[in-house]
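Q: I'm new to this protein and would like to learn how to read it feature by feature. Can we start with a single residue and work outwards?

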Amino acid sequence: MPTFIGFTTQNQFKKFTLVDGELIKRDLLNAFNITQGQLPGRPSYGTTLWDFLFENQDQVTMAAILREVQRVAGGDPRVYLSDVNVYPQENGVLIELEVQFVPNTDSQLLSVFFNQQQRRATFV
């Protein structure tokens, strides 16, 4: 029996229900796609990461991106972040997250590309 049950209409045609890991991944991606302060009633939800994409990709900016990813992932109690790697790309930033979904102990490597031109985060 699934622990977490939710739904999404993004990239879904008939089956809108998501469970467990797929639901957690979708929720995490939603948090990365929403600019912090845009969700009514939840001013701390979302990310400020989009502000860093247009800055010089130096060590200071990479450290700020790393802190922001840890803050966003830390906002979901179902996610335990084991490791984060940030790679500047030509049209954005690629972030590799090693996560564990609570209550499981299996870790997964998620690659999220933040596209600077489309202002959209997607799994790669």
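A: Sure. Let's begin with Leu28: leaving out residues up to four places away in sequence, Leu28 touches Ala73, Leu97 and Leu110. Keep in mind that this is a predicted model.

Q: Where is Leu28 found, and is Leu28 buried or exposed?

A: Leu28 is found in helix α1. With a relative accessible area of 3%, Leu28 is buried, because buried means under 20%. The partner Ala73 is 45 residues apart from Leu28 along the chain, yet their C-alpha atoms are separated by 7.0 Å.

Q: Let me zoom out for a second. How many helices and strands does the protein have, and how do the elements run from the N terminus on?

A: You'll find 3 helices and 6 strands. From the N terminus on, the order is β-β-α-α-α-β-β-β-β. Of the 124 residues in the protein, 35% are buried. As for contacts between residues at least 6 apart in sequence, 32% join residues at least 24 apart.

Q: How should I read a nonpolar core, and which residues have the most contacts inside the largest one?

A: The general idea first: in soluble globular proteins, nonpolar side chains tend to be buried together. Here the largest nonpolar core has 25 residues, and those with the most contacts inside it are Phe32, Ile65, Val69, Ile95, Leu97 and Phe114. At least two residues of this core come from each of α1, α2 (49-52), α3, β3, β4 (92-101) and β5 (107-115).

Q: Let's pick one of those. Which residues is Val69 in contact with, leaving aside neighbours within four places in sequence?

A: Val69 is in contact with Phe32, Leu49, Leu81, Val84, Ile95 and Leu97. Phe32, Ile95 and Leu97 also appear among the core residues with the most contacts.

Q: What about a residue that isn't on that list? Where does Ser111 lie, and what does Ser111 touch?

A: Ser111 lies in strand β5. Ser111 counts as buried because its relative accessible area is 16%, and the cut-off is under 20%. Not counting residues up to four places away in sequence, Ser111 touches Leu94, Ile95, Glu96, Thr122, Phe123 and Val124.

Q: Now for charges. How do I read a salt bridge, and how many salt bridges does the count come to?

A: Side chains of opposite charge can pair when their charged atoms come close. In this model the count comes to 3 salt bridges. One of them joins Arg78 and Asp27, with the closest N and O atoms 2.7 Å apart. That pair links distant parts of the chain, since Arg78 sits in the loop between α3 (59-74) and β3 (79-89) while Asp27 is in helix α1 (residues 20-33), 51 residues apart. Arg78 is buried at a relative accessible area of 14%, whereas Asp27 is partly exposed at 25%.

Q: Which other residue does Arg78 form a salt bridge with?

A: Arg78 forms a salt bridge with Asp76 too, the closest N and O atoms being 2.9 Å apart. Both Arg78 and Asp76 are buried. Sharing partners in this way, the salt bridges join Asp27, Asp76 and Arg78 into one network.

Q: And what does Glu68 pair with?

A: Glu68 forms a salt bridge with Arg71, and again the closest N and O atoms are 2.7 Å apart. The two are 3 residues apart in helix α3, so about one helical turn separates them. Glu68 is buried at 7% relative accessibility, while Arg71, at 34%, is partly exposed.

Q: Next up, pockets. What is the volume of the largest pocket, and which residues line it?

A: The largest pocket has a volume of about 210 Å³. Its lining is made of Asp27, Leu28, Ala31, Arg42, Ser44, Tyr45, Gly46, Arg71, Val72, Gly75, Asp76 and Arg78. The elements that give two or more residues to this lining are α1 and α3, and α1 gives the most, with 3 residues. By type, the lining residues divide into 4 nonpolar, 3 polar and 5 charged. You've already met several of them: Leu28 is part of the lining, and so are Asp27, Asp76 and Arg78, which form the salt-bridge network.

Q: One last feature, the backbone angles. What is phi of Arg119 near, and where is Arg119's place?

A: Phi of Arg119 is near 50 degrees, a positive value in a residue other than glycine. Arg119 has its place in the loop between β5 and β6 (120-123). At 40% relative accessibility, Arg119 is partly exposed.

Methods. Residues numbered from 1 in each chain as written. Predicted model: local features only at pLDDT ≥ 70, side-chain atom pairs only at ≥ 80, totals over all residues. Heavy atoms only, no water. Salt bridge = Lys/Arg side-chain N within 4 Å of Asp/Glu carboxyl O. Helix = DSSP H or I, 4+ residues; strand = E, 2+ residues; numbered from the N terminus. Buried < 20%, exposed > 50% of the residue type's maximum accessible area, 1.4 Å probe, protein only. 1 Å grid on protein atoms, 1.4 Å probe; cavity = no way out; pocket = protein on both sides within 12 Å on 5 of 7 lines; lining within 4 Å. Points joined across faces, edges and corners; volume = space filled by probe spheres on them. Nonpolar A, V, L, I, M, F, W, Y, C, P; charged D, E, K, R; others polar. Core = buried A, V, L, I, M, F, W, Y, C linked by side-chain atoms within 4.5 Å. Contact = heavy atoms within 4.5 Å.
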